[in-house]
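Work through the exercises below with the sequence and the model open beside you. Try each task before reading its solution.

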Protein chains: 2
Amino acid sequence: MISIDELAVFCKKKGFVYPSSDIYGGIAGFWDFGPLGVELLNNIRAGWWKYFVQSREDIVGMDGSIISNPKIWKASGHLESFQDIVLTCSKCKTKLRADHFIDEKLDINVEGMSILDLNKIIKKNNLKCPKCSSNLKELKGFNLLFKTHVGAEEDSASAAYLRGETAQGMFTDFRLIAETSRQKLPFGIAQIGKCFRNEISPRDFLFRSREFTIAELEFFVHPKQKKCPYLIKKCRDIKLFFLDAEAQENGKKAYKEKTIGGLLKEKRLDEWHAYWLAEQILWFRTLGLDMKKLKIREHTKNELSHYSSATFDIDFEYPFGSKEVAGIANRGIYDLTQHMKESGKSMELYDEETKSKIIPRAIEPTFGMERVFLAVLVDAYNDDKKRGNIVLKLNPKLAPIAVGVFPLVNKLDGKSREIFDILKTDFSCTFDRGGSIGRRYARADEQGIPFCVTIDFDTLEDNAVTIRDRDTTKQIRVKIDELEKTITKLIHGIK
Amino acid sequence: MISIDELAVFCKKKGFVYPSSDIYGGIAGFWDFGPLGVELLNNIRAGWWKYFVQSREDIVGMDGSIISNPKIWKASGHLESFQDIVLTCSKCKTKLRADHFIDEKLDINVEGMSILDLNKIIKKNNLKCPKCSSNLKELKGFNLLFKTHVGAEEDSASAAYLRGETAQGMFTDFRLIAETSRQKLPFGIAQIGKCFRNEISPRDFLFRSREFTIAELEFFVHPKQKKCPYLIKKCRDIKLFFLDAEAQENGKKAYKEKTIGGLLKEKRLDEWHAYWLAEQILWFRTLGLDMKKLKIREHTKNELSHYSSATFDIDFEYPFGSKEVAGIANRGIYDLTQHMKESGKSMELYDEETKSKIIPRAIEPTFGMERVFLAVLVDAYNDDKKRGNIVLKLNPKLAPIAVGVFPLVNKLDGKSREIFDILKTDFSCTFDRGGSIGRRYARADEQGIPFCVTIDFDTLEDNAVTIRDRDTTKQIRVKIDELEKTITKLIHGIK
């Protein structure tokens, strides 16, 4: 597998992702998407929105502001609990994230441990600064929310925060949306948007950055509705590699093959939680990802966020290990209850059946969109030694450019332009007349263009062109009249 | 015309736009898009991207980070010049934006005036605090960039800013993009993204907010290429209502009808500037906006931004006056030169013809996407007294919901579901079985749904349904087999 550093170099070279502010030496944890990257990210986003929002009647979308009233973050618990534990070297002042440092040095998962416990581990194992080998002194909580000031005064009254998650928008607007969209339980609210976390040590390219995009939904269910009618056999039969909490607490890391139905029987999740986990897996399938690289990891009790009663990570096999690409938490009634307390506004819905007011509980499937983007690239990247170039085997539905149009020689530009103009209304196309056909195919391979159309001298006689398949390099000859239909079928994998 | 406050109420009620953090009393200058609003905004964005990026070979997209290296804002001049002049009351400490306050009180356009000049105007006219009538004392520049800190220390070394415009991303990544996308001059880089400005007094609903979305492109041209081959007759003949700088300097506000060709002859802009102004107008036409509400205003010399040698505002007739919805600036070589100086990195391209290095100049068409959204809503809003409800006459291509499917009575649910399932793969649809058909039509009118399909008892016999047109209320009967084709034609206005 390609290393993450090599992938970052490839992404920069091809125009997928650049370090932000590159001419100024960059800024750690921030990235820019280039011409190919923005199209790939947009295609992933659009597919997500179509799948989870537009094709469903019971989910509506929203797009909330990044800066909001700071009381939201007090109510949600983020001002108090959304923190990393930071270690500072007593001598060189190097700062380290305690959990990552201990995990790397000792292979212990310390997520959720208290500062006291972490301190014990550091002392017991006599851990030193990795830079200057001096003692590590200060252990303190560091809040991950970026702070700013709104208005003309810089004081505590004007302090505000960049959102650290999109979820709070769905909770604070819950009543407004329930009323204006006339949805009845169960229903969901979805959002895709930028979030910010002031990570101590951003790393692994796009994986742990300080500015990133979350796509998630809060699915609200009547607290007494235990059965999920959508949890059909197709969902229950989904197979997955699963690591349970007990195994991790016993220091084991062996994944077992289970089904979603099996997890239900073990009572690791409820029906609604199981259903949404299934939908997450089904969406990953639409991306054409290698499903063997996905693994499900149950959070241990220590590790659970302050708002969740059960959480599963969906991990992907990245070059730097199997790490979270998506997750699903059972947030229960935590957030709506907190906002009700803090704002004094009702978050209850009227239950026509029982004639009483209820607070729905929330299941939250979440996706890190840059992490999905990264998984797609890692999965697609092939160093084809035989061809002598990289072949980026992107799903044709996601590829930034679907079709390359190449005149064999410059003389054929006119005819090629005609064909290009026909194709570009339906597909994202590029016109390339630079260099030999072989060189152009190689370039197309590296950009992940699934189909290249070549116009040659025979075209002028037989009104046909060649379509070359990126993955097999096989070529077929197709009449120009049938070109659009053929490419549509090829993109959607229809025989 | 509806007042802006009434429109805000309508938007909240229907789920287009909510005040951010509404349950906490909101936060001035921040808004959330609800279920209908997010779809409308997304449709406007997608149309813009298709028009300016995907359908052109000479423009590529990017998506840069919101937080970047602060040296960018030093180089761009924003840390020094991106400020409002703030007036503070000596007694009650009320803060006012000096330019707006003087404009409202005295009807003087003071944009670009120095603090000294503003002070003279205030003294000469004896302006007092509008709240407590005390003297206005302090006049000071207030930088509009939101500040935060990146990393674990809050000191000047860690200070960073939320971007106040998207443009700098296109300038700082210019060389990387030119190289990786293999574009040759003239070519453009486009971006749509969130920007932040710490406005002293946000107002007029979405119009002047603190968090908003800019869609813009930097089109780079060889400094010696004066002719624009795309400036065809269709562009030159575009008519517009135009207010020139001289008239404004003489205190006049009379717009004159001119053509883009006419402005060229008057040497108010160059050919590339004229071409991109034409493209902006042509894009506004695709939205179906009432083009009589658009006006072009030339910036006066005082008013020009620090980076521009010529700027035109494209104003729209909002309920609160004719105000900027888009703009086009001639940024020249200002930005690339500044970044070259500040970073020490070359921003030059090699010119094969003259065998020398050149810095291209940039033309910048910009759109405030929430302002476009607002213009679309203002234009669509009709209080139909005869029908007794609001009719939101949104362009069918932009409407958040394209088709409503209504069973006449509950008994017809089964057949209606079948039809709904056919339509929902191609169109954004809603299924509504609540209340009388009249009530459902009224609701659809208010949501801007252009076409409603009603299934009645005859449907079971003749396999046909009724399509009702939102704007005319006329109904046509269509066979179910031809429903998709008919609706597609209706949406795209094909007879």
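**Exercise 1. How much area do chain A and chain B bury between them, and how much of it is on carbon and sulfur atoms?**

Solution. Chain A and chain B bury about 6,300 Å² between them, with 54% of it on carbon and sulfur atoms; buried area here is the accessible area (1.4 Å probe) that two parts lose on being put together, summed over both. In chain A, the residues that lose the most area to chain B are A:Ile23, A:Tyr24 and A:Asp63, which together make up 12% of what that side buries. Counted by contact (heavy atoms within 4.5 Å), 78 residues of chain A meet 78 residues of chain B.

Before going on, note that this is a predicted model, in which local features need pLDDT of at least 70 and side-chain atom pairs count only at pLDDT 80 or more, while totals for chains, interfaces and linings use all residues. Residues are numbered from 1 along each chain as its sequence is written, chains are lettered from A and ligands numbered from 1 in the order in which they are written, and side-chain values use heavy atoms, with hydrogens and water left out.

**Exercise 2. Find how many salt bridges and polar contacts there are between chain A and chain B, and say which helix of chain A gives the most to that side.**

Solution. Start with the salt bridges (a side-chain nitrogen of Lys or Arg within 4 Å of a carboxyl oxygen of Asp or Glu): the count between chain A and chain B is 4. A:Asp432 and B:Arg182 form a salt bridge, with their closest N and O atoms 4.0 Å apart. Next come the polar contacts, pairs of N or O atoms within 3.5 Å, where within protein one must be able to donate a hydrogen and the other to accept it, and residues adjacent in sequence count only if both atoms are side-chain atoms; 34 residue pairs, both at pLDDT 80 or more, are in polar contact between the two chains. Finally, helix α2 (residues 35-54) of chain A gives the most to the side that touches chain B, with 9 residues, where helices (H or I, at least four residues) and strands (E, at least two) are DSSP runs numbered from the N terminus.

**Exercise 3. Which parts of chain A does the salt bridge of A:Lys295 and A:Glu317 tie together, and is each residue buried or exposed?**

Solution. The two side chains meet at 3.4 Å, N to O. Since A:Lys295 lies in strand β14 (residues 294-298) and A:Glu317 in strand β15 (residues 310-318), the pair ties together parts that are 22 residues apart in sequence. With buried meaning under 20% relative accessible area, exposed over 50% and partly exposed in between (1.4 Å probe, protein chains only), A:Lys295 is buried at 18%, whereas A:Glu317 is partly exposed at 26%.

**Exercise 4. Do the same for the salt bridge of B:Glu279 and B:Arg56.**

Solution. The closest N and O atoms of this pair are 3.6 Å apart. B:Glu279 lies in helix α12 (residues 271-286) of chain B and B:Arg56 in the loop between α2 (35-54) and β3 (59-61) of chain B, so the pair ties together parts that are 223 residues apart in sequence. Both B:Glu279 and B:Arg56 are buried.
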